Amino acid sequence: PEDIVEAEGAFYQALYDESCNDLEMEYRIITPDKKIRWVQVYINFARDKNGYAVSCSGLQLNITNKKLVNQKLEDSEQRFHTLFDLLPDSVVLIDREDFDLIDFNTAAHTQLGYSREQFSKLNICDINVDVTEENSEKLKNNIRTTRKDVFETRHRHRTGELLSRSVIYATLTLNDIEVIVMIWHDLTEKKQAEQLRLEKNVAEIANKAKSEFLANMSHELR
């Protein structure tokens, strides 16, 4: 019942279109045992010399299993994209040959201060401070050759701020195309905490040395 208006509309539109001889459509039917089946319908119109339809013949194919498989695939892809987009780390998919961006999650562009549209137009030199036009091809070839690795680098925020990043990458085959999956983990806060801890240790050592020096001087003076 939910599909009948659309199916009949498509049929009558083709019927009165003098240039249309064939029609293909899909809809659901209910069997006598109350089961729902998807069918793919092919209809051929026989027309007279004036283009009026005088008869039609058709073929119905049961495509229920195909529809169920496609629905499961769509559901699986939807779950993947939902999880992909919710990951706190930046994840980008890059074409192995030309290093163009194929896909990326929300964290990839928001953590660098860009909208999705702005980020999609960037290249690796815009993002990575350590990649220049002079060394980019060498670095790309190294990534293509090693296929997977971990390294640290710096990325440039839209505001100009430099962010310390840990990069994990691996080469995968998706739909017969080799792509590079990169995960960027932000190390900025960790690096800043390490710097503060280092500065604190240096200050404590300096204060201790100063105290010992003053104590020794006081002793010598006495």
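**Group meeting: a five-stranded sheet and what sits on it**

Okay, let's start in the middle of things: strand 4 and strand 8, residues 177-186, pair up antiparallel, with six bridges between them. Keep in mind that this is a predicted model. If you want one position to find that pairing on screen, go to valine 91, which stands opposite isoleucine 183 in strand 8.

Now the other neighbour. Strand 4 also pairs with strand 5, residues 101-104, again in the antiparallel sense, this time over three bridges. Two positions to click on here: leucine 93 stands opposite aspartate 103, and isoleucine 94 stands opposite leucine 101. The hairpin these two strands make has five residues between the strands, and in it phenylalanine 99 takes a positive phi, near 65°.

So how covered is strand 4, which runs over residues 90-95? Mostly covered: six of its six residues are buried. Look at where they point, too. Ser90, Val92 and Ile94 go one way, Val91, Leu93 and Asp95 go the other way, and all are buried. Yes, that includes Asp95.

Let's zoom out to the whole sheet. In what order do its five strands come? The order is 5-4-8-7-6, in an open sheet with antiparallel pairing. Strand 5 and strand 6, which is 148-156, are the edge strands, each pairing on one side only. Ignoring direction, neighbouring strands are turned by 30° against each other on average.

Next, what packs on this sheet? That's helix 6, residues 136-146, and it touches strand 6, strand 7 (162-174) and strand 8. Its direction makes about 50° with that of strand 7.

Which residues of helix 6 are buried? Ser136, Lys140, Ile143 and Arg144. They cover an arc of only 100° around the axis, so they end up on the same side of helix 6. What covers them includes helix 5 (124-127), along with strand 7 and strand 8. On the face turned away from that buried side, you'll see the exposed residues Lys138 and Thr145. And right after helix 6 comes arginine 147, which has a positive phi as well, near 70°.

Last stop, away from that helix: phenylalanine 45, which is in strand 2, residues 36-47. Buried or exposed? Phenylalanine 45 has 3% relative accessibility, and the cut-off for buried is under 20%, so it counts as buried. Setting aside neighbours within four places in sequence, its contacts are Phe11, Ala14, Leu15, Cys20, Asn21, Asp22, Leu23, Ala53, Ser55 and Cys56.

You'll have spotted two cysteines in that list, Cys20 and Cys56. Cysteine 20 is 25 residues from phenylalanine 45 along the chain, with 7.7 Å between their C-alpha atoms. At a relative accessible area of 15%, cysteine 20 falls under the 20% limit and is therefore buried. Cysteine 56 comes out at 44%, which lies between the 20% and 50% limits, so that one is partly exposed. And how many disulfides does a search of the whole structure find? Zero.

To recap, then: strand 4 has strand 8 and strand 5 as antiparallel partners, and helix 6 packs on the sheet. Phenylalanine 45, in strand 2, touches both Cys20 and Cys56. That's my tour, thanks.

Note on methods
Residues are numbered from 1 along each chain as its sequence is written. This is a predicted model: local features need pLDDT of at least 70, side-chain atom pairs count only at pLDDT 80 or more; totals for chains, interfaces and linings use all residues. Side-chain values use heavy atoms; hydrogens and water are left out. Buried means under 20% relative accessible area, exposed over 50%, partly exposed in between (1.4 Å probe, protein chains only). Helices (H or I, at least four residues) and strands (E, at least two) are DSSP runs, numbered from the N terminus. Two strands pair if DSSP finds at least two bridges between them. Axes are lines fitted to C-alpha atoms, for helices over the stretch in contact, and angles run from 0 to 180 degrees between N-to-C directions. Contact means heavy atoms within 4.5 Å. A disulfide is a pair of cysteine sulfur atoms within 2.5 Å. The arc is that of the directions from the helix axis to the C-beta atoms.
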